[in-house]
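Visitor: I would like to learn how to read a fold one feature at a time, beginning with how strands pair. Could you take me through it?

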Amino acid sequence: MTPSLHDSVTELKGVGKAAGEQLEALGIHSVYDLLMSFPYRHEDFRLKDLTETPHNERVTIEGRVESEPTILFLGKNRSRLQVRLLAGRHLVKAVFFNQHYLKARMTLGTVVTVTGKWDRGRQLINVSNFHDGPKTEQSDFEPVYSLKSVMHQKTFRRFMRSALDYTEGKHEESLPNDTLVAYRIPAISEALEMVHFPKSPEDVKQARRRFVYEELLVFQLKMQGIKKARKETELGVVVDYDLEKVKVFIESLPFELTNAQKRVVNELCVELKSTVRMNRLLQGDVGSGKTVVAAIAIYASITAGFQGALMAPTEILAEQHAATLAEWLEPFNVTVAFLSGSTKAKARVSLLERLESGEIDLLIGTHALIQPDVVFKNPGLVITDEQHRFGVEQRRVLRDKGLNPNVLFMTATPIPRTLAITVFGEMDVSVLDELPAGRKEIETHWLKEESILPVLQKMEKELRAGRQAYVICPLIEESDKLDVQNAVDVHSQLTQHFKGQFNVGLMHGRLHSDEKDAIMREFSEGDIHVLVSTTVVEVGVNVPNATFMLIYDAGRFGLSQLHQLRGRVGRGADQSYCVLLADPKTDEGKERMQTMTETNDGFVLAEKDLELRGAGDFFGKKQSGMPEFKIADLVHDFRALDTARKDAEKLLNSTYFWEADEYKILRQQLEASGALGNERID
Ligand SMILES: Nc1ncnc2c1ncn2[C@@H]1O[C@H](COP(=O)(O)OP(=O)(O)OP(=O)(O)O)[C@@H](O)[C@H]1O
């Protein structure tokens, strides 16, 4: 039988049944799996000159044993072995913890190689790696794999060697030669050798470049393949809207659209009218005016005889949308209805009947909109606000609902480009990157917690000028109950402080939705002057007269979340202020607060957030829908991602890719992923 990559690892020399089971426990079944198990770091065993090695750095030295090793037993299974080594002109101490059995291998005069942390002051090496013999017999770089204590690194490397020898000459190259040459990346067999048995750090770097590019290219081919297949095969409803009516509606609005809004409205309208089913993400920075764009698109589809739906993640936000859209659209004979979990059973039944009969043109609500018994007569456009708060599964339910409606996802969280490409890679993206004219930049200050009095004075000044303020309460992770307690405390302190002058309201997630509505209404009508709240006001709340935002414990929030909170002010023409109270202990924490005071640009903050917190945390673990990469890292490999994205697009649109032999493997991977058959890889 000729050796193949798909053979079981037990075919390899030296891998018996027991080892096979151990590898199995690591998720490694075939020879290919083994080769594709990449090290997570490499150990540097190059000899170093001790005169030039800084304190606390890892070093490898070669030395002659100059003294009898001494052992000190420190208790059960604990020992300290010490020996003097002569390395060049240096006489150093080498210390080994819990390895007293090495004593026998260090007779006077033998040469050994040790690696460990260098204590410059004490001229001592705390040894973590020992080799009896001179350095020449050991390689300079050794990969370190994630083996979860299942087996020794050395054993694993031996199996890796067997695997490489076993498959020599059998690796099929998935990238065409031109690409290898153009990007100066090593071919597959060479790259595997370089990553598992590198001769220098440069080897590791070059090999890594290859695997990262390959992984991202395959990923991009899949994502874009899905998008392309959808456009070609999945026909959406054609929304043949009435342009004149839409224009009249736009003219009726109390403001002129920004250029970005005009551009996005155009993008949406073109797509609505086409047979392509819309699957689009609308990203806009806080306050950039997404709601009106949504309203125009919905109105357009209503003029063509379709129904619209708008879904928001919180009841407050859904209500606010309902109020705004009703105000704009009802004068144009649009019937707007609201549905949430707290809609009473009787009202719900009648609402569902009116929806199914087509009497309701636009349904606005929360998750309640995706219940199975909510049936539209003729849905043309479904919009969800705050995309990333909905799980992947909900996205699917929504998309599968009704007669293939067009779907628009809106998010107020600017998403770093790399993440947008990956998480929403199969969607089209529109961006609102301009704020309405006349907005003043929010002034942001970062203060220590004890500086509260001057902050309250400043707040009072704003209140006296007829403006309103938000106070966001200390956040206690994972404890909604304690958050509420904090809000209650802050509320009573401020009520006391402003007694007889200003009304202070309290808002938190545990209030009944009727109470929340009442408070929100009082705040937006100006009867409540200061709104003390937990983060429930984070998204979407729009009260343009509010100009002052105070955030307690700001250090506990992510940058994007702070930006969202801050975005509740600065929504009108007046100068607004945001005060962050925080006492961060770490440099990273300080840097985050500093960044907040320096920029109001959500996209810049999002990039920074990603850089500081990493991709996994950006969306929050659970709902991220983040694809997992074996080797690529979205924070550092964004350039490769961009290249891969462009290359994938070019390839999918060329006939050569679909026919040429050199793309056979990539094509096979694409087909195997199901991307072309309309199956999604969520
Ligand atoms: N072109 C415009 N000119 C002036 N004001 C506008 C314009 N577009 C929207 N607005 C107003 O700006 C405010 C913010 O708009 P909107 O609530 O749609 O923002 P958003 O993008 O949803 O932001 P967020 O995500 O922060 O809620 C609203 O009061 C809205 O009426």
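Guide: Let us start with one pair of strands in this predicted model. Strand β9 (residues 279–284) and strand β14 (residues 406–411) run parallel to each other and are joined by five bridges. To place the register, take Gln283, whose bridge partner in β14 is Thr411.

Visitor: Which strands form the open sheet, and in what order?

Guide: The sheet is built from seven strands with parallel pairing, and reading across it gives the order β11-β12-β10-β13-β14-β9-β15. At its edges stand β11 (336–339) and β15 (428–432), each with a single partner strand, so one side of each has no neighbour in the sheet. From one strand to the next, the twist averages 20°.

Visitor: Which strands does helix α9 touch as it packs on the sheet?

Guide: Helix α9 (residues 290–303) touches β9, β10 (307–311), β12 (362–365), β13 (379–385), β14 and β15, and its direction makes about 170° with that of β13. Helix α10 (residues 315–329) lies across β10, β11, β12 and β13, and runs at about 155° to β12.

Visitor: What is the general idea about side chains along a strand?

Guide: In a regular strand, side chains alternate between the two faces of the sheet. Turning to another strand here, β6 (residues 111–119) has seven of its nine residues buried, so the rest of the structure largely encloses it. Strand β2 (residues 58–65) runs antiparallel to β6 and is joined to it by seven bridges, with Arg64 standing opposite Val111 of β6.

Visitor: How many bridges pair β6 with strand β7, and in which sense?

Guide: Eight bridges pair β6 with β7 (residues 124–132), in the antiparallel sense, and Thr115 stands opposite Asn129 in β7. These two strands form a hairpin with four residues between them, and in the turn Gln123 has a positive phi of about 50°.

Visitor: How should I read two helices that cross, and what is the angle between the axes of α6 and α23?

Guide: The angle between the axes is read first, and then the residues that make the contact. The axes of helix α6 (residues 201–233) and helix α23 (residues 664–672) come within 10 Å and cross at roughly 50°, and the two helices are therefore oblique to each other. Their crossing is right-handed. On the α6 side the contact is made by Leu217, Val218, Leu221 and Lys222, and on the α23 side by Leu666, Gln669 and Leu670. By class, this contact has five nonpolar residues, one polar and one charged.

Visitor: Is Lys664 of α23 buried, partly exposed or exposed?

Guide: Lys664, which is found in helix α23, has a relative accessible area of 34% and is thus partly exposed. Its C-alpha atom is separated by 7.5 Å from that of Ser174, although these residues are 490 residues apart along the chain.

Visitor: And what is the relative accessible area of Val504, and which residues is Val504 in contact with?

Guide: Val504, in strand β18 (residues 504–507), has a relative accessible area of 14%, and because buried means under 20%, Val504 counts as buried. Leaving aside neighbours within four places in sequence, Val504 is in contact with His491, Leu494, Thr495, Phe498, Ile528, Val530 and Val532.

Visitor: How many helices and strands does the protein chain have?

Guide: The chain comes to 23 helices and 21 strands, and buried residues make up 53% of its 682 residues. Among contacts between residues at least 6 apart in sequence, 74% join residues at least 24 apart.

Methods:
Residues are numbered from 1 along each chain as its sequence is written. This is a predicted model: local features need pLDDT of at least 70, side-chain atom pairs count only at pLDDT 80 or more; totals for chains, interfaces and linings use all residues. Side-chain values use heavy atoms; hydrogens and water are left out. Axes are lines fitted to C-alpha atoms, for helices over the stretch in contact, and angles run from 0 to 180 degrees between N-to-C directions. Angles under 35 degrees count as roughly parallel, over 145 as roughly antiparallel, 65 to 115 as roughly perpendicular and the rest as oblique. A crossing is left-handed if the near helix is turned anticlockwise from the far one by less than a right angle, and right-handed if clockwise. Contact means heavy atoms within 4.5 Å. Ala, Val, Leu, Ile, Met, Phe, Trp, Tyr, Cys and Pro count as nonpolar, Asp, Glu, Lys and Arg as charged, and the others, Gly among them, as polar. Two strands pair if DSSP finds at least two bridges between them. Buried means under 20% relative accessible area, exposed over 50%, partly exposed in between (1.4 Å probe, protein chains only).
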